[in-house]
Every structure is written in C-alpha cells, then in structure tokens.
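Work through these exercises with the sequence and the 3D structure at hand. Try each task before reading its solution.

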Amino acid sequence: MTIIISKVASGMCNRLVPFLTGLRLAKKLNTKYYIYWDNNCTDTDYSYMGEKTSYSDMFEYIKDVKHIQINELHTLLQTSNKLIVYYCKHTIQNYTIKELLQYDVIFFDDYTHPISIKNDDTHISSYSDSMEWVSNNSNYGNDIKNIFELLIPKNYIQDKINEVLLHFPENKDNIIGIHLRHWPSIWLKKENVKEGNNYDNKIEYMNKCIKQNPEIKFYICSSDITLINNTIKLFGDKIIYFKNRFGETHGDMYYSSDESTSRGNKNLNINGVVDMYALSKCNTILGNKGSSYSLSAALLNKKSIYMV
C-alpha cells in the first residue's frame with residue numbers, strides 16, 4: 001500500500017500549498033497521507049523571536065491527515081522503494097497515477113509548490129507561472145479549492161476574522177481584495193527594484209474600479225502599515241483593513257522592510273491567518289506575482305477571480 005508524506009518548510013503558505021495539494025493527491029491515489037509540519041513556521045527573510053507557532057495554533061486538524069514527529073518520519077522512510085521529490089525539483093509531474101502506485105512511499109522533502117502529476121490538466125513549476133487555472137474552472141483548480149475548503153482556522157482566529165468582516169459591504173460585488181506584501185530590503189536590492197507590489201499599477205486599477213463603481217471598497221491585506229496608511233491617504237474610507245490585531249507592540253502586528261530590526265513572531269503568524277481569510281472573502285482578488293499567500297487566499301474562495 002502506497003503512502004504519501006509531505007515535509008513542509010518555510011512560511012505559512014509555502015507550507016499550506018504543498019500540504020493541501022499533497023492531500024488532494026493522496027485522495028486521488030486513495031492512499032494514507034502523513035504530514036511533518038514542524039514549529040519553525042516563519043517568513044524566512046526575517047529572524048524569529050519568542051514562542052514558536054505550531055500548526056494547531058492556527059488551524060484545526062483535517063480528517064484523514066496524520067501529523068507525525070521527526071522520529072516517525074525517519075521510520076516511515078526506511079523502505080528502499082520510495083520516490084523522493086525534493087525542493088524545487090518538479091519530477092512528480094512526470095508520473096501517472098499508475099506509476100506512483102508502484103512505490104511504497106512518495107515523499108515530498110521541503111517541497112514548497114503546488115503538487116500536480118502527469119494526469120492533471122495543470123502543472124506549476126513556480127509561483128510566478130500563470131495562475132489562470134485558479135479562475136478558469138480547470139479540473140485541477142476546482143479540486144484544489146475543494147481541498148482548501150477543509151482548512152478551518154482555530155475558533156479564536158475565526159472570531160477575529162468575523163470582526164473584520166463586519167466592515168465589509170453587504171453586496172460582495174462592492175469589495176475587491178488587494179494584497180500588498182511587505183518586502184524586505186535585502187530582496188528589493190537583490191531584484192534591483194524599489195518595491196515589489198506593482199503599487200502604481202494597483203493604484204491605477206483601483207481608480208478605474210471607482211470610476212466604474214462609485215460604491216466600491218477595497219480590502220487591503222498587508223502586514224506593512226506604511227503601505228496601508230499610504231493607500232488610506234489616497235482612498236480614504238474606501239479602504240478596509242485588519243486593524244485590531246493580535247499582539248501588544250508594533251512588531252507583533254506588522255513587519256517593516258528592514259529585516260535587520262524587524263522580527264518574525266507568533267502574533268505576526270496568527271495575524272497572517274486572519275488577513276488571509278479576510279482577503280479570501282473577496283470574490284475579486286488582486287494579488288502579487290510569485291506569492292503563495294495571494295494564491296492561498298484565492299484558493300479559499302470557490303468563486304474567486306484571481307489576478308496578479
């Protein structure tokens with residue numbers, strides 16, 4: 001009997017995407033599914049301070065998924081008849097269901113991308129690939145959205161999500177979600193860009209939306225308070241954002257672009273869950289190219305029109 005194991009790494013959505021697309025594969029193969037999710041969940045561009053963040057701090061456990069510890073992982077991997085899919089190596093896309101079922105273990109080792117196989121109508125090698133499959137009613141996209149629906153936030157987080165949604169207009173056609181990611185200075189220097197959000201293009205898009213629908217409002221999903229405030233200056237009360245955040249200090253609630261002083265922490269991770277779910281409640285989402293976070297929000301909404 002074949003089993004599938006996902007060992008996830010990096011930040012929250014770089015974990016969620018392979019975790020949940022791996023679950024979808026397990027259901028297609030009718031196999032047992034194991035997940036190794038350690039407590040080092042963090043934006044890897046920043047150092048981390050304080051209490052670690054576990055899966056169960058953020059989400060309810062999903063039926064038919066067995067969470068394992070490192071010693072259990074090592075035991076399961078002792079078989080010689082295994083297929084190992086490494087970080088950024090997309091060899092899984094070359095295999096059919098029949099071929100995969102020849103293995104005792106299929107192991108995704110720190111894999112951070114959406115998992116698809118040869119039988120699928122969609123293959124993704126990078127978060128910068130075309131994301132048309134999210135909105136174009138593809139079989140793969142519909143399957144993944146059905147699996148993402150199984151991801152339920154903890155009750156105390158859901159309470160905070162509901163608090164944010166009280167500010168949304170009743171007519172869901174009157175709200176558009178905009179993801180403005182915090183970008184560390186080291187990344188901006190590496191890519192030789194001033195900012196990574198295509199901010200001017202998003203502002204232009206927002207102005208066009210207002211001309212077409214004067215009732216429109218925008219949910220700004222961001223952990224960068226400077227970007228939020230700059231957008232409020234431009235659009236005033238048309239901007240809705242997650243204001244009443246978990247934590248006591250500014251550093252608990254927001255990142256800055258200076259990774260030498262800004263630190264990841266548990267409150268930032270928990271706040272990220274709230275922001276993601278609030279963003280997902282928008283039927284139109286303007287995300288960031290290359291962002292697993294933007295993608296995850298869109299996959300949480302079966303009706304989403306997703307643009308980057």
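**Exercise 1. Cysteines**

Does C209 count as buried or exposed, and at what relative accessibility? Then explain why C209 and C282 form no disulfide.

Solution. Note at the start that the model is predicted.
- Step 1. The relative accessibility of C209 is 10%. Buried means under 20%, so C209 counts as buried.
- Step 2. Look for a partner. The closest cysteine sulfur to that of C209 belongs to C282, 12 Å away. That is too far for a bond.
- Step 3. Turn to C282. Its relative accessibility is 0%, so C282 is buried.
- Step 4. The closest cysteine sulfur to that of C282 lies in C221, at 9.0 Å. A disulfide needs sulfur atoms within 2.5 Å, so this pair is too far apart for a bond.
- Step 5. Check the whole structure: the disulfide count is zero.

**Exercise 2. A helix pair**

Describe how helices α5 and α12 are arranged, and list the residues that make their contact.

Solution. Two packed helices are described by the angle between their axes and the distance between the axes.
- Step 1. Locate the helices. Helix α5 covers residues 139-148, and helix α12 covers residues 292-299.
- Step 2. Take the distance: the two axes come within 9 Å.
- Step 3. Take the angle: the axes cross at roughly 85°. Angles of 65 to 115 degrees count as roughly perpendicular, so α5 and α12 are roughly perpendicular to each other.
- Step 4. Name the residues. From α5 come I144, K145 and F148. From α12 come S296, A298 and L299.
- Step 5. Sort them by class. The contact has four nonpolar residues, one polar and one charged.

**Exercise 3. A serine in α12**

Which residues does S294 touch, leaving aside neighbours within four places in sequence?

Solution.
- Step 1. Place the residue: S294 sits in helix α12.
- Step 2. Check its exposure. The relative accessible area of S294 is 0%, so S294 is buried.
- Step 3. List the contacts of S294: H179, G287, N288 and Y306.

**Exercise 4. Nonpolar cores**

How many residues does the largest nonpolar core have, and which have the most contacts inside it?

Solution.
- Step 1. The largest nonpolar core has 66 residues.
- Step 2. The residues with the most contacts inside this core are M12, F19, F59, Y219 and M276.
- Step 3. Find the main contributor. Helix α1, residues 12-29, gives the most, with ten residues.
- Step 4. Follow M12. Beyond four places in sequence, M12 touches W37, C41, M58, F59, G272, V273, M276 and Y293.
- Step 5. Find the second core. This separate core has 19 residues, including L180, I220, Y254 and L286.

Note on methods:
Residues are numbered from 1 along each chain as its sequence is written. This is a predicted model: local features need pLDDT of at least 70, side-chain atom pairs count only at pLDDT 80 or more; totals for chains, interfaces and linings use all residues. Side-chain values use heavy atoms; hydrogens and water are left out. Axes are lines fitted to C-alpha atoms, for helices over the stretch in contact, and angles run from 0 to 180 degrees between N-to-C directions. Helices (H or I, at least four residues) and strands (E, at least two) are DSSP runs, numbered from the N terminus. Angles under 35 degrees count as roughly parallel, over 145 as roughly antiparallel, 65 to 115 as roughly perpendicular and the rest as oblique. Contact means heavy atoms within 4.5 Å. Ala, Val, Leu, Ile, Met, Phe, Trp, Tyr, Cys and Pro count as nonpolar, Asp, Glu, Lys and Arg as charged, and the others, Gly among them, as polar. A nonpolar core is a set of buried Ala, Val, Leu, Ile, Met, Phe, Trp, Tyr and Cys residues joined through side-chain atoms within 4.5 Å. Buried means under 20% relative accessible area, exposed over 50%, partly exposed in between (1.4 Å probe, protein chains only).
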